[in-house]
Amino acid sequence: MARILLVEDDPPLRAVLFRTLTRAGHTVETASRVAAAAEACRTGAPEILILDLGLPDGDGLEFLASLLPPVRPPSVLVLSARSQESVKVTALDLGADDYLTKPFGTAELLARLRALDRRLHTPPRTAPAASFGEITVDRERSLVTRQGQNVPLTAREYALLLFFLDHPGVLLTTRRILHEVWERDDPELAVYVRVYTARLRRKLERDPRRPRHFVTEIGLGYRFVSGEGE
Ligand code: CA
């Protein structure tokens, strides 16, 4: 259950979303304009910002770019009728954690929020052992096993795996992965992400041709799905 700021200028949609989110147990504040949203971020300390992009007094993407810590909510979910990949990638690169194209189902919205909420409220564990499918990752010993058998990974493969594990259910752009795992911002290096994700699939997926855990979001990036409750 999270404190949510819902920024949406369409009154019927705002009302439906408000009801849906409140019923799901969230605490919801609403705004219909950029100015009110900025004020609510300053005063309400929302944990999740649900942001429409077309707003009467400004553009949601510009607003998102203007939000800096500590005013910036920890999680941002963008809702928009703009379905172009370039807009989605821009939103995600500006720090949005996920993107839903209108129209969407409320079940889908709630599922995405659960992923964000889980990440917000999962305390960092000191020596976590993570598992998904047949794979167990022992972070303390940097050891990856499949049904007890050691799976050798290179340092970069392991770093990429940990980055995925740290962001379960969240859409990660190729550019963000490149920035975080390779510390590079050259878009021409995006091929690294593709090649290394394919390697993780070969080593860790039951059927690498039908990946269940390292899922491609076409044109956008990747989403790690642990397979438990997602
Ligand atoms: Ca709008």
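Glutamine 147 counts as exposed in this predicted model. Its relative accessibility is 63%, and the cut-off for exposed is over 50%. Glutamine 147 sits in the loop that joins strand S10 (143–146) to strand S11 (149–150). Its phi is near 45 degrees, a positive value in a residue other than glycine.

Alanine 45 also has phi near 45 degrees, again positive and again in a residue that is not glycine. This alanine belongs to the loop between helix H2 (34–44) and strand S3 (48–52). Alanine 45 has a relative accessible area of 45%. Exposed requires over 50% and buried under 20%, so alanine 45 is classed as partly exposed.

Another backbone feature lies at proline 103. The peptide bond running from lysine 102 to proline 103 is cis. Its omega is near -5 degrees. Proline 103 is placed in the loop between strand S7 (98–101) and H5.

H5 itself, residues 106–121, packs against H1. The two axes lie 11 Å apart, at an angle of about 50 degrees. That angle makes H1 oblique to H5. The crossing of H1 past H5 is right-handed. On the H1 side, the contact uses Leu17, Thr20 and Leu21. On the H5 side, they meet Thr106, Leu109, Leu110 and Leu113. By class, the contact residues are five nonpolar and two polar, with no charged residue.

Next comes the metal site. Which residues coordinate the calcium ion? Asp9 and Asp52 each donate through OD, and Gly54 donates through O. The distances run from 2.1 to 2.4 Å. Along the chain, the donors follow the spacing D-x42-D-x1-G. The pair of aspartate 9 and glycine 54 links distant parts of the chain, 45 residues apart. Aspartate 9 is in the loop between strand S1 (3–7) and helix H1 (11–23), while glycine 54 is in strand S4 (residues 54–55). Are these two donors buried or exposed? Aspartate 9 is partly exposed, at 28% relative accessible area. Glycine 54 is partly exposed as well, at 38%.

Last, look at glutamate 188. This residue occupies the loop between helix H7 (174–182) and helix H8 (190–204). Its relative accessible area is 68%. The cut-off is over 50%, so glutamate 188 is exposed. Arginine 175 and glutamate 188 are 13 residues apart in sequence. In space they are 9.9 Å apart, C-alpha to C-alpha.

Technical notes: Residues numbered from 1 in each chain as written. Predicted model: local features only at pLDDT ≥ 70, side-chain atom pairs only at ≥ 80, totals over all residues. Heavy atoms only, no water. Donors = N, O, S within 2.8 Å, 3.2 Å for Na, K, Ca; no water. Helix = DSSP H or I, 4+ residues; strand = E, 2+ residues; numbered from the N terminus. Buried < 20%, exposed > 50% of the residue type's maximum accessible area, 1.4 Å probe, protein only. Axes fitted to C-alpha atoms, helices over the stretch in contact; angles between N-to-C directions. Parallel < 35°, antiparallel > 145°, perpendicular 65-115°, else oblique. Left-handed = near helix turned anticlockwise from the far one by under 90°. Contact = heavy atoms within 4.5 Å. Nonpolar A, V, L, I, M, F, W, Y, C, P; charged D, E, K, R; others polar.
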